[in-house]
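Welcome, and thanks for opening the viewer. Please load the model, keep the selection tool at hand, and follow along stop by stop.

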Amino acid sequence: MVEQKQVPQAVSSIVTSAGDRIRINVSTSVKGVKTYDCTVESQHGIDYTFDLHRQLVARLDSEYPPNIQS
């Protein structure tokens with residue numbers, strides 16, 4: 001039996017189609033700075049895919065605000 005992974009709420013609120021795939025990699029540097037890398041794939045055209053990507057980046061920016069040091 002294959003265990004289903006649950007999609008985090010931050011992503012599930014963005015994904016609207018079963019054909020959409022999103023990959024997110026969040027990493028933390030030695031100094032504690034979090035960065036992310038995200039990939040969006042969809043079969044619904046480039047405009048739709050870019051819209052999903054923009055929404056995802058905005059959501060990730062709110063979850064992981066940039067560390068600004070003076």
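**Colour by confidence**

The pLDDT is the predictor's confidence in each residue, on a scale from 0 to 100. You will want it here, as this is a predicted model. Colour the protein chain by that value: the average is 75, and 70% of the residues score at least 70. Where is confidence lowest, and where is it highest? Helix H1 (residues 9-12) is at the bottom with a mean of 51, while H2 is at the top with 87. Now select residues 1-8, where the pLDDT is below 50. Beyond near neighbours in sequence, that stretch has 1 contact in the model.

**Step back to the whole chain**

Switch to a cartoon view and trace the chain from the N terminus: the elements run α-β-β-α, giving 2 helices and 2 strands. Of the 70 residues, 14% count as buried. Turn on the surface if you like; the accessible area comes to about 5900 Å², and carbon and sulfur atoms own 51% of it. For those who prefer a contact map, take the contacts with a separation of 6 or more: 39% of them join residues 24 or more positions apart.

**Select helix H2, residues 46-63**

This helix has 18 residues. From its first C-alpha to its last it reaches 25 Å, close to the 26 Å expected at 1.5 Å a residue. Next, show the side chains of Thr49, Leu52, Leu56 and Leu60, which are buried. Why do they line one face of the helix? Look down the axis of H2: the buried residues fall within an arc of 70°, so they share one face. The general rule behind such a pattern is that an α-helix has 3.6 residues a turn, so residues three or four places apart point the same way.

Rotate to the face turned away from the buried side, and you will meet the exposed residues Asp47, Arg54 and Ser62.

**Select the core**

Which residues make up the largest nonpolar core? Pick Cys38, Val40, Leu52, Leu56 and Leu60, 5 residues in all. Strand S2 (34-41) and H2 each supply at least two of them, and the largest share, 3 residues, comes from H2. As background, nonpolar side chains tend to be buried together in soluble globular proteins.

**Zoom in on Val40 and Thr49**

Centre on Val40 and display its surroundings. Leaving aside neighbours within four places in sequence, Val40 is in contact with Arg21, Ile22, Thr49, Leu52, His53 and Leu56. Hop from there to Thr49, which is found in helix H2. Is Thr49 buried or exposed? Thr49 is buried, because its relative accessible area is 12% and the cut-off for buried is under 20%. With the same sequence neighbours set aside, Thr49 is in contact with Val40 and Ser42.

**Finish along strand S1, residues 21-28**

Select Ile22, another of the contacts of Val40, which lies in strand S1. At 23% relative accessibility, Ile22 counts as partly exposed. Draw a distance line from its C-alpha to that of Glu41: Ile22 and Glu41 are 19 residues apart in sequence and 6.4 Å apart in space.

For the last stop, select Thr28, also in strand S1. Thr28 is partly exposed, with a relative accessible area of 48%. Not counting residues up to four places away in sequence, Thr28 touches Val33 and Lys34.

How values were computed:
Residues numbered from 1 in each chain as written. Predicted model: local features only at pLDDT ≥ 70, side-chain atom pairs only at ≥ 80, totals over all residues. Heavy atoms only, no water. Helix = DSSP H or I, 4+ residues; strand = E, 2+ residues; numbered from the N terminus. Expected span 1.5 Å × (residues − 1). Buried < 20%, exposed > 50% of the residue type's maximum accessible area, 1.4 Å probe, protein only. Arc of directions from axis to C-beta. Core = buried A, V, L, I, M, F, W, Y, C linked by side-chain atoms within 4.5 Å. Contact = heavy atoms within 4.5 Å. Areas by Shrake-Rupley, 256 points an atom, 1.4 Å probe, with all protein chains shown as cover.
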